[in-house]
Amino acid sequence: MPHPDLGPLKPVTDPTTGLDLLSLPEGFRYLTMGWAGQAMSDGFAGPQKADGMGVVAENDGLVTLVRNHELRGSSGPIGNPSAAYDNTGGGTTTLLFDSRRERLEASFISLNGTLNNCAGGVTPWGTWLSCEEGPLTPEFLHHGNEARQATWAIENAQRKHGYVFEVNPGGVPDPQPIVPMGQFYHEAVAIDESSGIAYMTEDRAPFAGFYRYLPNSPGKLADGGRLQMMRVKGASVLADHVPLFEPMMVDWVDIAEPDQGHTPGTHDCSGVVQQGIDAGATAFRSLEGCSIEGADLFFTSKNGGRNYAGMIFHYDLDAQTVQAIWEAPGNGGFTGPDNITVSPRGSLMICEDNESSLNRGQQISGMDRQGQVFAFCRFNPEFKGTYLGHDLVRTSLFSEWAGVCFSKDGQWMFANMFRPGFTCAITGPWGRGPV
């Protein structure tokens, strides 16, 4: 349902393509940019599968975004091989958007040779943390697991994956993983500016962890630190039957071997989360987005809850409590909460990733301060057409929203359409509603 202050969603034409790709409330407009396959400023083709993204800088209307690309394969990196971590296909692109002229000024590869870069987070010091979703190793690949090799197509990988990489928006000439932050199914990161602690989600089922990384030197994550997993007192698992609006006390257990991506003697990709569970930490399911505003941290479980349709949690850093604040009803409404951010006006903006929504189009929804969930942006499911050779019918059927974030002046919201891979810049009468 739309928010009463915003009104119904209506198709709006994208000036870049001339197509009615999105529906928005009255008065809002958008443009698309950074399409997969388009030549970028560095001469490389724009990569596909645009995922997590963040605004790392804004100066005189020039907005700098860093965007993930959740790519697999080991046939070569997306950018310069001499600046690649491995011959795998994941990485990031940097986009420079002029919000005054309303156009993309430049785009280029800023990290490459990584794997399955899913989400991440912006640091207070102006970099992007890009997270690999998958603790894979060459020895695992060569252990005879042909099904896994075929799925990921990385038989030629040379290095371990499943880490966090720090990305300078201008580019990373020699990418190095921040190993103490763990080797697991990384999803999103949110940093508490007052302490420098990094909070991280894990996209894994049936058991995933919610983690924090305490750096030895705040602001210098690569200098080492301590990885811990959340323990909710009295709850070993918070996945299916989770009470709503009941604050639960938490503490943290240490992960002794953060670089142990597999349980010893196996290649199960659960080495880190199993350490936490064995030490008494709490297991969640399929954790995705993570966003922080002061002492309030929000994170999503894409298919948690009784209907396996999604939940949103709130962690109070001051009170050291966590509580579920929303559960998808599973009746055809908003489901599959993924990437998340806090809008300048205090609402949560949530990307949808769930096939059950395809008959109406994947959408970005909001949750206002009163807990009301409302539709804000929808990819038009009835759209039929192509652009740059991309079949946009398939986009409406098999894609998802990702990477929602705001310019620092609050006048532009950015989000990615995962397939084929492009970015939307949305502006309008923000003060009229809760967004």
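Select Arg72 and Trp152. In this predicted model, the charged end of Arg72 sits over the ring of Trp152. The distance from that charged end to the ring centre is 3.8 Å.

**Aromatic pairs**

Next, show the rings of Phe, Tyr and Trp. Across the whole structure, a search gives 21 aromatic pairs. Zoom in on Phe299 and Phe313. Their ring centres are 5.2 Å apart and their planes make 10 degrees. Stacked pairs have planes under 30 degrees apart, so Phe299 and Phe313 count as stacked.

Colour the strands that carry this pair. Phe299 belongs to strand β17, residues 296-301. Phe313 belongs to strand β18, residues 311-316. The two are 14 residues apart in sequence, so their pairing ties those parts together. Switch on a surface: Phe299 is buried, and Phe313 is buried too.

Now move to Phe406 and Trp430. This aromatic pair is edge-to-face, with 5.7 Å from centre to centre and 70 degrees between the planes. Phe406 sits in strand β26, residues 401-406. Trp430 sits in the segment after β28 (422-427). The pair links distant parts of the chain, 24 residues apart. Both Phe406 and Trp430 are buried.

Which residues form one aromatic cluster? Select Tyr199, Phe210, Trp252, Phe284, Phe299, Phe313 and Tyr315. Phe299 and Phe313, the stacked pair, are among the members.

**The nine-stranded sheet**

Switch to a cartoon view. Nine strands make an open sheet, paired antiparallel. Follow the order β11-β12-β13-β14-β15-β19-β18-β17-β16. Stop at the edges: β11 (186-191) and β16 (287-293). Each has a single partner strand, so one side of each lacks a neighbour in the sheet. From one strand to the next, the twist averages 30 degrees.

Stay at the β11 edge. Strand β12 covers residues 198-202, and β11 pairs with β12 in the antiparallel sense over four bridges. Select His186; its bridge partner in β12 is Glu202. Then add helix α3, residues 271-278, which packs on the sheet. The helix touches β12, β13 (210-215), β14 (225-232) and β15 (248-254). The direction of α3 makes about 55 degrees with that of β14.

Return to β11. Is this edge strand buried or exposed? β11 is mostly covered, with six of its six residues buried. Pick Val189 and look across to β12: Met200 stands opposite. Then follow the chain through the hairpin of β11 and β12, where six residues lie between the strands. Stop at Gly196, which takes a positive phi near 80 degrees.

**The four-stranded sheet**

Last, select β3, β28, β27 and β26. These four strands form an open sheet in the order β3-β28-β27-β26, with antiparallel pairing. Where are the edges? They are β3 (29-33) and β26. Each has a single partner strand, so one side of each is left without a neighbour. The twist here averages 20 degrees from one strand to the next.

Finish on β26, the strand that holds Phe406. β26 pairs with strand β27 (residues 413-417) in the antiparallel sense, over four bridges. Select Ala402, then look across to β27: Asn416 stands opposite.

Terms used. Residues numbered from 1 in each chain as written. Predicted model: local features only at pLDDT ≥ 70, side-chain atom pairs only at ≥ 80, totals over all residues. Heavy atoms only, no water. Phe/Tyr/Trp six-rings, centres within 6.5 Å; stacked < 30°, edge-to-face > 60°. Buried < 20%, exposed > 50% of the residue type's maximum accessible area, 1.4 Å probe, protein only. Lys NZ or Arg CZ within 6 Å of the ring centre and 35° of its normal. Pairing = 2+ DSSP bridges. Axes fitted to C-alpha atoms, helices over the stretch in contact; angles between N-to-C directions. Contact = heavy atoms within 4.5 Å.
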